[in-house]
Amino acid sequence: MSDDGVSRKERDRLVRESDFLDSAESLFAEMGFYETSMEDVAKRAEYATGTIYRYFESKETLYHALLLRKGRQYFGQTQVVFEKSNDPLLQLRGLICCKVAFFAENWDFLRIYMTELAAKTGGSARACRPPQELDDDFENYLSNLRDVFVRGMKAGVFRKLNPDHVVAAFIGMSNECLQTSLAEGVSGDVLEEIEMFVFDFVSGGIVTEKGRSV
């Protein structure tokens, strides 16, 4: 037993599980859910095919675990932004910084996230239904994001528009900007430029003169 209370057996299990999830993330991003097999994931992780089934009973189970791991990381970080300040402009900027930084470090997951989001909002076929916990996290994120824009409109820093339309536009525009800007990868020095570009692009149509003077 280690000092942190985790046995060697449990540490080994967590390492192997993480290896499979990392390999699955890159393969699902490269090839898509349907074209990726459990054998492909095991081979990429450098384990025997039989070993992966000791950790994940099916490709759907593996996919769910991947979505939960990265989705919870991302939505956990956005929740910190929502709770850190009540200023709508600061929250908007913070959410963009959070999104750019997270997906710059998780480019493969960005492609998976885009595929999932397009299926969810566009009604197209999904690889397999994501776990309910992640849908709940996403709905909570949408609710909090909507509240940011509603409070901003009441404060006069955002134009009075349909908040549901603004939420959809924010997600769509920020996703497109991210996908284009991060496609070739970026260094840390470029992240701030991307954050400012996305903020200016997204806020250009909603921030009032009062908001620009803040």
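The protein chain folds into 10 helices and 0 strands, so to speak an α-α-α-α-α-α-α-α-α-α string when read along the sequence. This is a predicted model, with a mean pLDDT of 87 for the chain and 88% of residues at 70 or more. Confidence varies from element to element: helix 2 (residues 38–45) has the highest mean pLDDT, at 97, while helix 6 (residues 107–122) has the lowest, at 76.

Of the 214 residues, 42% count as buried. The accessible surface comes to about 11,600 Å², and carbon and sulfur atoms account for 50% of that. Taking contacts between residues at least 6 apart in sequence, 68% join residues at least 24 apart.

The largest nonpolar core has 60 residues, and Tyr141, Leu145, Phe149, Phe158 and Phe170 have the most contacts inside it. At least two residues of this core come from each of helix 1, helix 2, helix 4 (59–84), helix 5 (88–105), helix 6, helix 7, helix 8 and helix 9 (188–203). Helix 4 supplies the largest share, with 9 residues.

Helix 7 is a good place to start on the individual elements. Its 24 residues reach 35 Å from first C-alpha to last, close to the 34 Å expected at 1.5 Å a residue. The buried residues here are Leu134, Asp135, Phe138, Tyr141, Leu145, Val148, Phe149, Gly152 and Met153. Three of the core's best-connected residues, Tyr141, Leu145 and Phe149, are therefore found in this buried set of helix 7. Setting aside residues up to four places away in sequence, tyrosine 141 touches Tyr74, Phe75, Thr78, Phe82, Leu95 and Phe170. Its neighbor in sequence, asparagine 140, also lies in helix 7 (residues 132–155), but asparagine 140 counts as partly exposed because its relative accessibility is 38%. The C-alpha atoms of asparagine 140 and glutamine 79 are separated by 9.3 Å, although these residues are 61 apart along the chain. Just after helix 7, glycine 156 takes a positive phi of about 85 degrees.

Helix 5 also keeps to the expected length: its 18 residues should span 26 Å at 1.5 Å a residue, and its end C-alpha atoms are indeed 26 Å apart. At the N-terminal end, aspartate 87 acts as a cap, with a side-chain oxygen 2.9 Å from the backbone nitrogen of leucine 89. Buried residues in helix 5 are Pro88, Leu89, Gln91, Leu92, Leu95, Ile96, Cys98, Lys99, Val100, Phe102 and Phe103. Leucine 92, in helix 5, is buried because its relative accessible area is 0%. Not counting residues up to four places away in sequence, leucine 92 touches Phe149, Phe158, Phe170, Phe199, Ser203 and Ile206. From leucine 92 to valine 81, 11 residues away in sequence, the C-alpha to C-alpha distance is 8.9 Å.

Helix 8 (residues 163–181) has 19 residues and reaches 26 Å between its first and last C-alpha atoms, close to the 27 Å expected. Asparagine 162 caps its N-terminal end, placing a side-chain oxygen 2.9 Å from the backbone nitrogen of aspartate 164. Within helix 8, Pro163, Val166, Val167, Phe170, Ile171, Ser174, Asn175, Cys177 and Leu178 are buried. Phe170 turns up among the contacts of tyrosine 141, and Phe170 is touched by leucine 92 as well.

A charged residue is also tucked away in helix 1 (residues 8–31), where glutamate 25 lies. Glutamate 25 counts as buried because its relative accessible area is 7%. Its side chain makes a polar contact of 2.8 Å with that of lysine 70. Lysine 70 is one of the residues glutamate 25 touches; beyond four places away in sequence, the others are Leu66, Arg69, Asn106, Asp108, Phe109 and Ile112.

The loop between helix 2 and helix 3 (49–52) holds glutamate 46. Most residues other than glycine have a negative phi. Glutamate 46, though not a glycine, has a positive phi of about 65 degrees. In contrast to the buried glutamate 25, glutamate 46 is exposed, since its relative accessible area is 72%.

Definitions and conventions:
Residues numbered from 1 in each chain as written. Predicted model: local features only at pLDDT ≥ 70, side-chain atom pairs only at ≥ 80, totals over all residues. Heavy atoms only, no water. pLDDT = per-residue confidence, 0-100. Helix = DSSP H or I, 4+ residues; strand = E, 2+ residues; numbered from the N terminus. Buried < 20%, exposed > 50% of the residue type's maximum accessible area, 1.4 Å probe, protein only. Contact = heavy atoms within 4.5 Å. Areas by Shrake-Rupley, 256 points an atom, 1.4 Å probe, with all protein chains shown as cover. Polar contact = N/O pair within 3.5 Å; in protein donor to acceptor, adjacent residues only side chain to side chain. Expected span 1.5 Å × (residues − 1). Core = buried A, V, L, I, M, F, W, Y, C linked by side-chain atoms within 4.5 Å.
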